[in-house]
Amino acid sequence: MAVARHGREGGRHVETTFVVPLWVDLVAVGVGALQGALFAGRLKERRIDLLGVALIGVVVGLGGGLLRDILLNELPVAMRTNWFLLVAVGAALLGMLLQRLFNRLNALIIALDAVTIGLFAAIGTSKALLVVGVPEIPAIFVGIVSAVGGSILRDVSLNLPIALMHVGSLYAVAAGAGTVLLVALWSFDVDIVIASIACAVVTTVIRLGSV
Amino acid sequence: MAVARHGREGGRHVETTFVVPLWVDLVAVGVGALQGALFAGRLKERRIDLLGVALIGVVVGLGGGLLRDILLNELPVAMRTNWFLLVAVGAALLGMLLQRLFNRLNALIIALDAVTIGLFAAIGTSKALLVVGVPEIPAIFVGIVSAVGGSILRDVSLNLPIALMHVGSLYAVAAGAGTVLLVALWSFDVDIVIASIACAVVTTVIRLGSV
Amino acid sequence: MAVARHGREGGRHVETTFVVPLWVDLVAVGVGALQGALFAGRLKERRIDLLGVALIGVVVGLGGGLLRDILLNELPVAMRTNWFLLVAVGAALLGMLLQRLFNRLNALIIALDAVTIGLFAAIGTSKALLVVGVPEIPAIFVGIVSAVGGSILRDVSLNLPIALMHVGSLYAVAAGAGTVLLVALWSFDVDIVIASIACAVVTTVIRLGSV
């Protein structure tokens, strides 16, 4: 990530050219969409058609980022270029077509999913802090919503109880620990890139440890 | 629809005075709200009261446009004048009061509903392209969300499985075909009004063909 | 509430320094979050963990304000300072820990809840009218959504039928009466502070009368 300047002193709107590399964001979206399609494909008794599976993939892949940008009152990144929707739809269709293959690679998918949550948490919190300039606690909240938003919207779309609400889910705890760390490091003037990487790693490790 | 200038070359925010005639938008909202109230009124076992029926009407009539404008980070049109909410509430109450009459006109309602989806798809995609200046794929996505958003929010509100996710629903396919056509025509420099009408007609016809 | 100037004549964006005192907003958020946590804690068979209870508290406490600000295309107030999230999480945890105590104070909680709905209705409508400058009917709509949004999001989060849709709920009716009164008084040039207090009182009394 490139950051020209912290500039926290400069009022609410911070002058900075903080940019998450597009490919990092797209990898997170793609893995999320793949996961979503695999999840929807396993619900045989729900009679979800191809379109529905693709839609769930898009919801899971893009949901966290959409909620993040709506909370931050920004035009969602998925509206700014063609890439986000193309990657989300492509990954969802891939997940649907290669369902049997991917289900054998379950351990890999779980690992990738944990990395995705870490990336979304780090991207969400650092965007909130640096691009929009919100205070610490809302920045943590935005990071957590970015990380778990896709899975919340998935469960609402499928009319399932939201997994996050029930015993055993450490998604939000993992993202919470990571984003708190990011904000703490940043407030001690650690470089935002290092703080973001620390956030992504901690979130991923906690999530993996809880599987 | 009136458009002063395409101006696609002029950066992200396009300078244009593209305006959907208010009455077109209001007809779409009114038919959507009527449909929503009729749908809610048929769910006898749910014990939905008058207020609930009116609310579902408003959700169905305005939901697509609200989601569209939230995705585009614009003040929703329903917030800009009194007309949208008045028409949505009025149409929902009408649907509720004249339920038995309208249920006999079922064929007419289905036809009007297909027209509504076509209108929302065309309005959503052309607004995304011309007013906000988003790229092609997000514009298609916004058009589809505009067309199906009301019915998605209806199902979530009523705690029903989202119809769109299940085998047999061609709502999203119809809107997808129409909006892809709109974007294709527009990128070949066809006038946006003609492209929008083509989108609305194709969406409506596919939707009618699938009933 | 402090208002420098009505300025309704000055175009869509009204120049005014209307400010709801922060503590009023925070009390409403805190009581909402407490209520939400108590509600979630009573659903024993749902196996909601501590995190889930806290999350429901945050959803109920902040949901109305978030929906209000998203509809108005404003950066949500909960993103502007640390206080909203701190109060919501704190109140939700308090509700969770002191569940048995609060359940004995049921009458007090119901009374506070009615006051909360009144406050949210008044804050939502006056913010819509004065800060964003929307017309009367959308302002009423925003006030109602502010008042009932938390409970709608709670029911969607818990995968319950939305209470509001079913016979017997007077939440929306109470908020509707209060916000219509606010707009009526304001259009007769009554001071917005007095109109807002009248709205809050009427909403609270109708809600209490319907318990």
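## Helix packing and a chain interface in a predicted model

Helix 5 (residues 106-132) of chain B packs with helix 6 (residues 136-157) of chain B at an angle of about 145°, and their axes lie 7 Å apart. Please keep in mind as you look around that this is a predicted model. The crossing of helix 5 past helix 6 in chain B is right-handed. On the helix 5 side of chain B, the contact is made by B:I117, B:F120, B:A121, B:G124, B:T125, B:A128 and B:L129. Helix 6 of chain B brings B:A139, B:I140, B:V142, B:G143, B:S146 and B:A147 to that contact. Sorted by class, the contact of these two chain B helices has nine nonpolar, four polar and no charged residues.

Let us turn to a helix pair in chain C. Here helix 1 (residues 22-42) and helix 3 (residues 83-97) of chain C have axes that come within 7 Å and cross at roughly 35°. Helix 1 of chain C passes helix 3 of chain C in a right-handed crossing. To find this contact in the structure, look in helix 1 of chain C for C:L22, C:D25, C:L26, C:V29, C:G30, C:A33, C:L34, C:A37 and C:L38. Their partners in helix 3 of chain C are C:W83, C:F84, C:V87, C:A88, C:A91, C:A92, C:L94, C:G95 and C:M96. By class, the contact of helix 1 with helix 3 in chain C has 15 nonpolar, two polar and one charged residues.

Next comes the meeting of two chains. The size of an interface is often given as the accessible area lost when the parts come together. Between chain B and chain C, the buried area is about 2100 Å², and carbon and sulfur atoms give 67% of it. In chain B, the residues that lose the most area to chain C are B:L75, B:M79 and B:N82, together 26% of what that side buries. Counting residues in contact, 25 of chain B meet 26 of chain C.

Chain A gives a view of the overall build. This chain has eight helices and zero strands, so from the N terminus on its elements run α-α-α-α-α-α-α-α. Of the 211 residues of chain A, 60% count as buried. Among contacts in chain A with a separation of 6 or more, 71% are between residues 24 or more positions apart.

Two asparagines deserve a look for their backbone. Each has a positive phi in a residue other than glycine, as A:N159 and B:N73 show in the table.

| Residue | Phi | Loop | Relative accessible area |
|---|---|---|---|
| A:N159 | near 55° | between helix 6 (136-157) and helix 7 (171-187) of chain A | 19% |
| B:N73 | near 55° | between helix 2 (50-71) and helix 3 (83-97) of chain B | 22% |

Is A:N159 buried or exposed? A:N159 counts as buried because its relative accessible area of 19% is under 20%. B:N73, at 22% relative accessibility, counts as partly exposed.

Finally, the cysteines. A disulfide is a covalent bond between the sulfur atoms of two cysteines. With sulfur atoms within 2.5 Å as the rule, the count comes to zero disulfides over all chains. A:C199 is buried, at a relative accessible area of 0%, and C:C199 is buried too, at 0%.

Key: Residues numbered from 1 in each chain as written. Chains lettered and ligands numbered in written order. Predicted model: local features only at pLDDT ≥ 70, side-chain atom pairs only at ≥ 80, totals over all residues. Heavy atoms only, no water. Axes fitted to C-alpha atoms, helices over the stretch in contact; angles between N-to-C directions. Helix = DSSP H or I, 4+ residues; strand = E, 2+ residues; numbered from the N terminus. Left-handed = near helix turned anticlockwise from the far one by under 90°. Contact = heavy atoms within 4.5 Å. Nonpolar A, V, L, I, M, F, W, Y, C, P; charged D, E, K, R; others polar. Buried < 20%, exposed > 50% of the residue type's maximum accessible area, 1.4 Å probe, protein only. Buried area = accessible area lost by both parts, 1.4 Å probe.
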